[in-house]
Amino acid sequence: MAVTETKGITDDDFQKFREFFYRKTGIHFDDSKRYFVDKRLVERMQALKSDSFRAYFTTLRFQTTGEELQQLINVMTVNETYFFREEYHFACMISSMLPEIASKKRPGDTIRIWSIPSSSGEEPYSIAIYLQEYWNDLDKFSVELMASDIDTMILEQAQKGVFSERSVGNIPAHVTNKYFRKDKNGMYHLDPDTRSAVEFSRVNLSDSADTRKFRKCDLIFCRNLLIYFDDVSRRIAAEAFFDALNPGGFICLGHSESMSRISGLFKVRKFPEAIVYQKP
Amino acid sequence: MKRVLIIDDAATVRMYHRGILKQAGYETDEAVNGMEALEKAFDGQFDLYLVDVNMPKMDGYSFLRKLREAVEIRQAPAVMISTEAEEHDETEAYLSGANLYMIKPVRPEQLVQCARLLLGERGR
Amino acid sequence: MGFAKAGQRPAEAGDTAEETAMDLPALIRGLRDPEADMRRRCAKDLVSYPEAVHALAATLDIERVQNVREMVMTTLALIGTPEAVAVLLPCLRSDDAFLRNEAIEVLKQLPNSLAPMMEQLLKDQDPDVRIFAVNVLESLRHPSVVQWLLNVVESDPHVNVVATALDLLSEVGDENCIESLLKAQERFANEPYLQFAVRTALDRIEQSKEST
């Protein structure tokens, strides 16, 4: 069946792994990803000193801590963060979601947008830049941007608003020049006005004492976080988001994630730019 | 090539239906519940839906009703496949928008004939 | 207008005024509140009271609002005690598809609590309950898992139950399972679906023998 097999990983091993991984994370690896997957499986087998795929797979399936599964998910998913990552969500925000939200508000009303995890800030600041650049109605409303992460060190870093060349690489040059000042070390400093548009906070999504502070949100970005959660934690997160949103509010997940595996609380909405979820 | 969306929460059943349909010359995609099926249906351009009844999050009847209401989804025939042999289950299937109702496990020839019929292809 | 600056925002965003902590009796009364949002909130806050499982289960019989029902289920899953499992099990037989399917999802998160009743569940009259039991084995770490699967494969009368067991055996089975698989193949000689499932399981087991 397959053209090349990595030593130790047969076609059937790959199938077994693929079905298991899909069941756990919703992420599907097609045949073209064979090399990518095999390489990482072999890495993990070596790390655990498993002498066969079967031995490794048994550990993976039955380990009560779920630690190896976590590790495996980490190596199998691409974790990079950068400005305007998965840009279609931002386009969807401008063209589809905000118009619908705004149509139910009066001028001067608050629109609340929550980005979690904020990581080093690229996502919330991308939203801030996008709104300034592309949303004509920004002046009509009071927009509150909130960004949260469980890691206080990354929050500190995010608040500084300093980024590498790599991080800003996906932004059109004229936009970069408008919102960033490049220093002599080649680092990009985000302008203070944009930085002050975002309020950062430490939040553990599984802790209801943390999440109950978030209410009346109109739009939530939670991209590429829930893949790393177990089933129960995903449920808790979905509940927290449901409670945080206004009726009619939207939530965007990462491109390989789906609410359909997690909770029936939300409605699926298909816009030209993206599929998002809406609180009824 | 015609595309079929196979909707069932059981992996073996999906695999089985996939095998049968591929062999009969159809292209397939899969979903594990009604909600995921809706998401795939939006972009999927499917010619036929194979819908299991009992699924978590959103069952087969709900999926069909939402499918039939959705103006953004290209409408296509749907076969509902169920373990229930009661008449009221079959009636509900048709009321929800199914074109055909079958009891599982299905025999390969049955499934293929139903697909051909609903897709307007000539019988063998 | 435009952006509200960080640190200068009015404090209305969070759950402030409504957040007086309610005690257990108040929360249980709250499960019957006319407002769905309040019922949902009470269901959520009852997570700190394992003794509330019966009140939560009683609510499932009458609650019609989906998001409240989901919250009740989530709370029962988080409580996760043997009592919680005991009140969820009858949902497996419910005529209400939502309850059945939600209970399945939630109980699958509590495999260890189900282990003591596994043999009983695998012999249940209802094939759907037996299928559920086999599905729970997928996440259960227990020395008897493979043997239970083999018992099902060798003697369960229902083709769909056997096929579900075969699905799992393709992942966890080894050469010692081959004989039982062949027996299943004979038992259901006229069932193409089952022949398919046995063949797949056999292929997988053969292949993993080679890669060891």
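**Notebook: interface of chains A and C, domains of A, a helix of C, fold of B**

I looked up the interface first and found 39 residues of chain A in contact with 28 residues of chain C (two residues are in contact if their C-beta atoms, placed from the backbone, lie within 7 Å). I note that this is a predicted model, in which local features need pLDDT of at least 70, side-chain atom pairs count only at pLDDT 80 or more, and totals for chains, interfaces and linings use all residues. Residues are numbered from 1 along each chain as its sequence is written, while chains are lettered from A and ligands numbered from 1 in the order in which they are written.

I then listed the elements of chain A that each supply at least two residues to the side touching chain C: α1 (11–25), α3 (53–62), β2 (142–149), β6 (198–202) and α12 (231–244). Helices (H or I, at least four residues) and strands (E, at least two) are DSSP runs, numbered from the N terminus. α12(A) gives the largest share of that side, 6 residues. By class I recorded 14 nonpolar, 9 polar and 16 charged residues on the side of chain A that touches chain C; Ala, Val, Leu, Ile, Met, Phe, Trp, Tyr, Cys and Pro count as nonpolar, Asp, Glu, Lys and Arg as charged, and the others, Gly among them, as polar.

I checked strand pairing across the chains (DSSP must find at least two bridges between two strands). β2(A) and β1 (residues 2–3) of chain C run parallel and are joined by 2 bridges. I found F3(C) in β1(C) as the bridge partner of V143(A).

For chain A, I noted domain 1 (11–76) and domain 2 (88–278), with bounds from an automatic or database domain assignment. Their C-alpha centres lie 31 Å apart. Domain 1 of chain A brings 6 residues to the contact and domain 2 of chain A brings 7.

In chain C, I examined α10 (residues 145–155), whose buried residues are V145(C), W148(C), L149(C), L150(C), V152(C) and V153(C). A residue is buried if 20 or more other C-beta atoms lie within 10 Å of its own, with C-beta atoms placed from the backbone. The cover over these residues of α10(C) includes α8 (118–122), α9 (127–137), α11 (159–172) and α12 (178–187) of chain C.

Turning to chain B, I counted 5 helices and 5 strands, which follow the pattern β-α-β-α-β-α-β-α-β-α along the sequence. Its C-alpha trace spans about 35 × 35 × 25 Å along the principal axes. Of the 124 residues in chain B, 48% are buried.

Note on methods
A residue is buried if 20 or more other C-beta atoms lie within 10 Å of its own, exposed if 12 or fewer, and partly exposed in between; C-beta atoms are placed from the backbone.
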